[in-house]
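Please open the model in your viewer and keep the selection panel at hand. The tour below goes from the whole chain to pairs of helices and then to the enclosed and open spaces.

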Amino acid sequence: GGSTPGALRRYGIDESAWSSQKQMFELMHTFRTRIITSSAFTGDHIIAAILFERTMERDLDGLGIPDYLWERKQVVPFLKIDRGLADAADGVQQMLPIPDLDSLLSFARARNVFGTKMRSLVGGGNQAGIDAVLDQQFALGKQILAAGLVPILEPEVDIHAPDKPAAEAMVT
């Protein structure tokens, strides 16, 4: 929900259009539905879509959104599972804890989600920080695989990192 007001604002919907978080998320769902149901939104042009948890929980045209994406659009549904980034330490921002990950993965499987996506941020070439990010990403990746889903690991190197090439070499 933290980035939702900005996303709506960029599409011409300012904060006066809602008076509660529930209304704000309804507007966002309407917006996402408009995109998903577009004739241009198909597997011919799009391989996969990353869903927010609230989107995964919803239905569209009598189907769960993940089923709609695959059955009607031939677009593979993934779920964004990270809860944001922790404060910077050792030149990186690890993911915040995901205490409900097992239940989230179970629900994602029940909703026919194919895989997950999670993001950490590497701000520079600090080996200890990068090792911590990679350890976290791979540990969660193993947990996701064990739950029967395909993880996308994303230890993103900040485009503005002063030593970006060195940091990228440490990540690989």
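Begin with helices α5 and α6, whose crossing is right-handed. Bear in mind throughout that this is a predicted model. To show the pair, select residues 101-110 for α5 and residues 127-146 for α6, and you will have two helices that pack at an angle of about 45°, with their axes 10 Å apart. An angle of that value makes α5 oblique to α6, since angles from 35 to 65 degrees are neither roughly parallel nor roughly perpendicular. Next, display the side chains where the two helices touch: on the α5 side these are Leu-101, Asp-102 and Leu-105, and they meet Leu-140, Gln-143 and Ile-144 in α6. Coloured by class, this contact of α5 with α6 shows four nonpolar residues, one polar and one charged.

Before going further, zoom out to the whole protein, where the C-alpha trace spans about 50 × 40 × 35 Å along its principal axes. With a cartoon representation switched on, look for seven helices and seven strands, which follow one another along the sequence in the pattern α-α-β-α-β-β-α-β-β-α-β-α-β-α.

Now keep α6 on screen and add residues 164-171, which form helix α7; α6 and α7 pack at an angle of about 45°, with their axes 10 Å apart. The two helices are therefore oblique to each other, and their crossing is right-handed. For the contact itself, select Gln-127, Ile-130 and Leu-134 of α6 together with Ala-167, Met-170 and Val-171 of α7. The residues in this contact of α6 with α7 divide into five nonpolar, one polar and no charged.

Leave the helix pairs and turn to the enclosed space. How many cavities of 30 Å³ or more does a search of the whole structure find? The search finds one, and about 60 Å³ of space lies in this largest cavity. To see what surrounds the largest cavity, select Phe-25, Met-28, His-29, Arg-32, Arg-54, Thr-55 and Arg-58, which line it. Both α2 and α3 (53-56) supply at least two residues each to that lining, while the largest share, four residues, comes from α2. By class, the lining of the largest cavity has two nonpolar, two polar and three charged residues.

The last stop is an open space, the second largest pocket, which has a volume of about 170 Å³. Its lining can be selected as Met-28, Phe-31, Arg-32, Ile-35, Ile-36, Phe-41, Ala-49, Ile-50, Leu-51, Phe-52 and Thr-55. The elements that give two or more residues to this lining are α2 (21-36) and β1 (48-51), and α2 gives the most, with five residues. Colouring the lining of the second largest pocket by class separates nine nonpolar residues from one polar and one charged. If you keep the cavity selection visible as well, Met-28, Arg-32 and Thr-55 can be found in both places, since they are among the residues lining the largest cavity and are also among those lining the second largest pocket.

How values were computed
Residues numbered from 1 in each chain as written. Predicted model: local features only at pLDDT ≥ 70, side-chain atom pairs only at ≥ 80, totals over all residues. Heavy atoms only, no water. 1 Å grid on protein atoms, 1.4 Å probe; cavity = no way out; pocket = protein on both sides within 12 Å on 5 of 7 lines; lining within 4 Å. Points joined across faces, edges and corners; volume = space filled by probe spheres on them. Nonpolar A, V, L, I, M, F, W, Y, C, P; charged D, E, K, R; others polar. Axes fitted to C-alpha atoms, helices over the stretch in contact; angles between N-to-C directions. Parallel < 35°, antiparallel > 145°, perpendicular 65-115°, else oblique. Left-handed = near helix turned anticlockwise from the far one by under 90°. Contact = heavy atoms within 4.5 Å.
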